[in-house]
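Me: I would like to learn how to read pockets and ligand surroundings in a model like this one. Could you walk me through it?

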Amino acid sequence: MHNDGYREKGLRQQLVNELIQKGIKDKRVIDAIGKIPRHQFMDSAFVNFAYVDKAFPIGSGQTISQPFTVAIQTELLDLAKGDKVLEIGTGSGYQTAVLIELGAKVYTIERQRGLFLKTQQFLPKLGYNPQFFYGDGYLGKPTYGPYDKILITAGAPDIPKLLIEQLKPGGFMVVPIGEKTQTMMRYIKTNSGELLEENHGAFSFVPLLKGTANDK
Ligand code: SAH
């Protein structure tokens, strides 16, 4: 694993300053991004770019989300300590680590077998221990639900209905909706079961795909 030294810490601080300038306000999110060694989540070919505010390839045709996007999605979840969170799209596990830093109990699903295996091995080495699942996130994980919050880290063509059912009353779902580009949506399930929706701007994600891929 690539060392976390003064150079990486300095670059990380610059990234944090950039995110604050771009409008990220939640101190807990800022602190988590300031602490987590993002370069260790990336292929060695990209470690020099780990603290650039961009998405980068992580294998299996997928990307580690842009830090600004991770920050926005986490802010929108408005986490309380101990919240039960279902995350769809484990990928590199970077977003998972941010959620755990904020005190969430995380259940995370990945459909690419290679990425699932790699991240399940790697993340506990940094001290992050979510429950990992290999499967189709469209189906959620009803056995462990209902969840306080659900986060989808890939672009969904429309609202995944089965996931809404696994949300507690009063819970939120944060999901980028759209085919080519996405709109960041936050759905709030009211105590009477109604769904309120908020639009939080344009983003670009890899697609949420059906089924699983046995790429390894
Ligand atoms: N949040 C992660 C990954 C973002 S990319 C990170 O920052 O590293 C989105 C991830 O969602 C990819 O790894 C992709 O394989 C996964 N994905 C896409 N559709 C999925 C589905 N139906 N179920 C589970 N994971 C899915």
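Me: How much space lies in the second largest pocket?

Reply: The general idea first: rolling a probe the size of a water molecule over the atoms shows where empty space is left. In this predicted model, about 160 Å³ of space lies in the second largest pocket.

Me: Which residues line the second largest pocket?

Reply: Its lining includes Met1 and His2, then a group with His39, Gln40, Met42, Asp43, Ser44 and Val47. Lys118, Gln121, Phe122 and Lys125 also belong to the lining. Sorted by class, the lining of this second largest pocket holds four nonpolar, five polar and three charged residues.

Me: And how much space lies in the largest pocket?

Reply: The largest pocket holds about 480 Å³ of space. It is lined by 36 residues, and those closest to its centre are Gln62, Thr63, Thr153, Ala154 and Val206.

Me: Which elements give two or more residues to that lining?

Reply: They are strand S2 (62–64), helix H3 (67–77), strand S3 (84–88), helix H4 (94–101) and strand S4 (105–110). S2 gives the most, with three residues.

Me: How does the lining of the largest pocket divide by class?

Reply: You will find 16 nonpolar and 16 polar residues there, along with four charged ones.

Me: Where does the ligand sit?

Reply: The ligand sits in the largest pocket. To read its surroundings, start with the shell of residues that have a heavy atom within 4 Å of the ligand. Here 25 residues surround the ligand, and the closest are Ser92, Glu110, Asp136, Gly137 and Leu209.

Me: Which strands each supply at least two residues of that shell?

Reply: S2 and S4 each do so. The largest share comes from S2, with three residues. By class, the shell has ten nonpolar, twelve polar and three charged residues.

Me: What should I look for in the polar contacts?

Reply: Look for pairs of N or O atoms within 3.5 Å. An oxygen atom of the ligand lies 2.6 Å from an N or O atom in the side chain of Glu110. With Gly137 the partner is in the backbone: a polar atom there is 2.7 Å from a nitrogen atom of the ligand. A nitrogen atom of the ligand is also 3.3 Å from an N or O atom in the side chain of Thr153, a residue listed among those closest to the centre of the largest pocket.

Me: How much of the ligand's accessible area does the protein cover?

Reply: On its own, the ligand has 570 Å² of accessible area, and the protein covers 99% of that.

Technical notes:
Residues are numbered from 1 along each chain as its sequence is written. This is a predicted model: local features need pLDDT of at least 70, side-chain atom pairs count only at pLDDT 80 or more; totals for chains, interfaces and linings use all residues. Side-chain values use heavy atoms; hydrogens and water are left out. On a 1 Å grid over the protein atoms alone, a cavity is a set of points where a 1.4 Å probe fits but cannot get out, and a pocket is an open set with protein on both sides within 12 Å along at least five of seven lines; lining residues have an atom within 4 Å of a point. Grid points are joined across faces, edges and corners, and a volume is the space filled by probe spheres set on the points. Helices (H or I, at least four residues) and strands (E, at least two) are DSSP runs, numbered from the N terminus. Ala, Val, Leu, Ile, Met, Phe, Trp, Tyr, Cys and Pro count as nonpolar, Asp, Glu, Lys and Arg as charged, and the others, Gly among them, as polar. A polar contact is a pair of N or O atoms within 3.5 Å; within protein, one must be able to donate a hydrogen and the other to accept it, and residues adjacent in sequence count only if both atoms are side-chain atoms. Accessible areas come from the Shrake-Rupley method with a 1.4 Å probe; for residues, only the protein chains shown count as cover. A molecule sits in a cavity or pocket if more than half of its atoms lie within 2 Å of its grid points.
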